[in-house]
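Q: Before going through this entry, could the reasoning behind each label be spelled out, with values set against cut-offs?

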Amino acid sequence: MIEARHLRVLRAVAATGSFSAAGRELGCTQPAVSQQMKALEASVGTPLLVRSGREMRLTQAGEALVRHAAGILSGLTAAEEEVAAIAGLRAGRVRLVSFPSGSSALVPTALAALRADHPGTRVSLEEAEPPESVEALRNGDCDVALAFRYARVPGADQTEEWGDLVVRPLLTDRLVALVPERHRLAHASAVAIGELAAEPWIAGCPRCRGQLVEVCERAGFTPRIDFATDDYPAVVGLVGAGLGVAVLPQLAIESVRPRGARAVTLEPAVRREIVALTLPDLAQVPAVAATLEQLGRAARAK
């Protein structure tokens, strides 16, 4: 294996014409230069220098290696500078995937703070709901995934769901009932989900839809879902138009102006856990660690 330090010594010997002069240029002794040149010749398996008295001249192999050394060493220097910049957060890239309400409620604050502290770090954002976002992380298509899962119910086992990932808990998000402003329960202090059993329902993303059905069935009924959409403003619009009721995360309500609709506390409480996920190796990357930290700060400010 050719080592960069050996190439630097070879270039110095070629430029100065002797081991002693090369040692003076490099700040080391003549025996040290001789030892490193022997090690380099052993690595490449052929002589690189012809010694004639005090003079040195390059062999054909030595000339070829010196010719390539400049590009190799400059490339290594550039690589070292780039890695140092990334390690020092003067540069770097983070690919973030988030679910929509996380994108609107947590990501802007976190990324604005990250840019202010580390303007050389670039963050890209794409939207996806879990489990798609989690699979993107495992497949190497992103570096951080903002995800959620609903609080455990009796008999449910979630211990292995994210067991291979670094999990950064951010906040607990409570679900609320959303009803039209003129609904009979619009001004109630709280509503039991069973009180909405006879209503038409507007459901959200597939995972939220599954959670809705599960909660309703535990309350003794199956919801009649008339509309389903992944778009939270559309859910709010449909409820505001009097076309049904919905259950949405509080985080989603914060990011949408609920015109014509009113949020009511849902009892018993249904909660989801909001987390930032990354891979163990990625958690050591400074830009990823800084992104996780800023997401945590944005969540604590809620």
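Q: What is His 6 in contact with, leaving aside its neighbours within four places in sequence?
A: In this predicted model, His 6, which has its place in helix H1 (residues 4-16), is in contact with Gln 36, Ala 39 and Leu 40 once those neighbours are left aside. Contact here requires heavy atoms within 4.5 Å.

Q: Why does His 6 count as buried?
A: The relative accessibility of His 6 is 4%, and buried means under 20%, so His 6 counts as buried.

Q: Is Glu 41 buried or exposed, and what makes it so?
A: Glu 41, which lies in helix H3 (residues 30-44), has a relative accessible area of 15%; because the limit for buried is under 20%, Glu 41 is called buried. Not counting residues up to four places away in sequence, Glu 41 touches Thr 46, Pro 47, Leu 48, Leu 49 and Arg 51.

Q: Why does Pro 31 count as exposed?
A: Pro 31 also lies in helix H3, but its relative accessibility is 53%, and exposed means over 50%, so Pro 31 counts as exposed. From C-alpha to C-alpha, Pro 31 and Ser 20 are 8.3 Å apart in space, while in sequence they are 11 residues apart.

Q: What puts Val 107, Ala 110 and Leu 114 on the same side of H6?
A: In helix H6 (residues 107-117), Val 107, Ala 110 and Leu 114 are buried. They cover an arc of only 70 degrees around the axis, and therefore they are on the same side of H6. The general background is that an α-helix has 3.6 residues a turn, so residues three or four places apart point the same way. On the other side of H6, Arg 115 and Ala 116 are exposed. The buried residues of H6 pack against several elements, including strand E3 (92-98), strand E4 (121-127) and helix H11 (286-300).

Q: How do you know that strand E11 pairs with E6 and with E7?
A: Pairing requires at least two bridges between two strands. Strand E6 (residues 166-180) is joined to strand E11 (residues 261-267) by 5 bridges, and strand E7 (residues 190-192) is joined to E11 by 3 bridges, so both cases meet the requirement. E6 and E11 run antiparallel, with Ala 261 in E11 as the bridge partner of Pro 180, whereas E7 and E11 run parallel, with Glu 267 in E11 as the bridge partner of Ala 192.

Q: Which residues touch the most other members of the largest nonpolar core?
A: The largest nonpolar core has 59 residues, and among these Ile 193 and Trp 201 touch the most other members. Apart from it lies another core, of 17 residues, among them Met 37, Met 56, Leu 65 and Leu 73.

Q: How does the radius of gyration of the protein stand against that of a compact globule of 302 residues?
A: A compact globule of 302 residues would have a radius of gyration near 19 Å, but the protein has 31 Å. Taken along the principal axes, the box that the C-alpha atoms fill is roughly 105 × 40 × 25 Å.

Q: What share of the residues in the protein is buried?
A: Buried residues make up 42% of the 302 residues. Of the contacts with a separation of 6 or more, 71% are between residues 24 or more positions apart.

Notes:
Residues are numbered from 1 along each chain as its sequence is written. This is a predicted model: local features need pLDDT of at least 70, side-chain atom pairs count only at pLDDT 80 or more; totals for chains, interfaces and linings use all residues. Side-chain values use heavy atoms; hydrogens and water are left out. Helices (H or I, at least four residues) and strands (E, at least two) are DSSP runs, numbered from the N terminus. Buried means under 20% relative accessible area, exposed over 50%, partly exposed in between (1.4 Å probe, protein chains only). A nonpolar core is a set of buried Ala, Val, Leu, Ile, Met, Phe, Trp, Tyr and Cys residues joined through side-chain atoms within 4.5 Å. The arc is that of the directions from the helix axis to the C-beta atoms. The radius of gyration is taken over C-alpha atoms; the globule rule is 2.2 Å times the number of residues to the power 0.38.
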